[in-house]
Structure formats: structure tokens, C-alpha cells
Amino acid sequence: MILLKFKTREDKVNGYYFLALKGTVRSLPNDIFEVNDYMLGFLKDENIGFEVIERTAFDEAEKIRNTPAIVIQ
């Protein structure tokens, strides 16, 4: 799975619609989307602008956001 962000609002609307019809897409916080690798070719064919996001940067943010609850004794 690849993380991506669309370049414009129009790309986001068209890209999300296209991905929802053609395959699997997962919407994440901050307008980041997770798609199967092969979907990138389809987005390029449709001239939908996007950039691939590095997973390491996203994983670090996810660790901070999903910290475990503190147990009070």
C-alpha cells in the first residue's frame, strides 16, 4: 500500500471518486490517502495530480497520535 496526497482540491475530489470506483482507497487524517500500488498508474493515466508520501513520516505522526492511555492507580 502506498500513501499519497493529491495536489489540488480538484485532484482530490476526482482522484478519490476514481479510486473508490476502481479499487480500494483508505482516507487518513490530513488529506492523506492509502491505495494499492497498481492504482498509481491509473491516476497518472487520468492526469490526476498526486505526490507519494513517505511512510516513515506518517508512521512517526501515528505513534504520537496513538499513544497508550496512562493507568491511574
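# A walk through the strands, the core and the charges

Start by selecting strand E1, residues 2–6, together with E3: the two pair in the antiparallel sense over three bridges. Keep in mind as you go that this is a predicted model. Within that pairing, click on Leu3, whose bridge partner in E3 is Glu34.

Now add E2, residues 25–28, to the selection, with E3 at residues 32–35. E2 and E3 also run antiparallel, joined by four bridges. Pick Ser27 here and you will find Phe33 of E3 standing opposite. Follow the chain round the end and you pass through a hairpin with three residues between E2 and E3. Pause at Asn30 in that turn, which has a positive phi of about 65°.

Next, show the side chains of E3. Which way do they point? Ile32 and Glu34 go one way, while Phe33 and Val35 go the other way, and all are buried.

Stay with Phe33, a good place to turn on contacts. Phe33 sits in strand E3 and counts as buried because its relative accessibility is 6%, below the 20% cut-off. Setting aside residues up to four places away in sequence, Phe33 touches Ile2, Leu3, Leu4 and Phe6, as well as Lys12, Tyr16, Val25, Arg26 and Ser27. Try a distance label between Phe33 and Phe6: the pair is 27 residues apart in sequence, and the C-alpha atoms are 8.5 Å apart in space.

From Phe33, widen the selection to the largest nonpolar core, which has twelve residues. Select Leu4, Phe6, Phe18, Leu19, Val25, Phe33, Val35, Met39, Leu40, Leu43, Ile48 and Phe50 to see the whole set. Colouring by element helps here: E1, H1, E3 and helix H2 (39–45) are the elements that give two or more residues to this core. H2 provides the largest share, three residues. As general background, nonpolar side chains tend to be buried together in soluble globular proteins.

Time for the charged side chains. How many salt bridges does the structure hold? There are two.

For one of them, select Lys12 and Asp31, whose side chains meet at 3.2 Å, N to O. Lys12 lies in helix H1 (residues 9–22) and Asp31 in the loop between E2 and E3, so this salt bridge ties together parts that are 19 residues apart in sequence. Switch on a surface and both ends show: Lys12 is partly exposed at 26% relative accessibility, and Asp31 is partly exposed too, at 40%.

For the other, go back to the strands and select Glu34 and Arg26, where the salt bridge spans 2.8 Å, N to O. Is each partner buried or exposed? Glu34 counts as buried, at 8% relative accessibility, whereas Arg26 is partly exposed at 47%.

Finish in helix H1 with Asp11. Which side chain of opposite charge is nearest to Asp11? That is Lys7, 7.4 Å away, and Asp11 is buried yet has no salt bridge. The cut-off for a salt bridge is 4 Å, so a distance of 7.4 Å does not qualify. To see what does surround Asp11, leave aside the neighbours within four places in sequence and show its contacts: Phe6, Tyr16, Asn47, Ile48 and Gly49. Two of the residues in that list, Phe6 and Ile48, will be familiar from the nonpolar core.

Terms used
Residues are numbered from 1 along each chain as its sequence is written. This is a predicted model: local features need pLDDT of at least 70, side-chain atom pairs count only at pLDDT 80 or more; totals for chains, interfaces and linings use all residues. Side-chain values use heavy atoms; hydrogens and water are left out. Buried means under 20% relative accessible area, exposed over 50%, partly exposed in between (1.4 Å probe, protein chains only). Two strands pair if DSSP finds at least two bridges between them. A nonpolar core is a set of buried Ala, Val, Leu, Ile, Met, Phe, Trp, Tyr and Cys residues joined through side-chain atoms within 4.5 Å. Contact means heavy atoms within 4.5 Å. Lys and Arg count as positive and Asp and Glu as negative; His and the chain ends are not counted.
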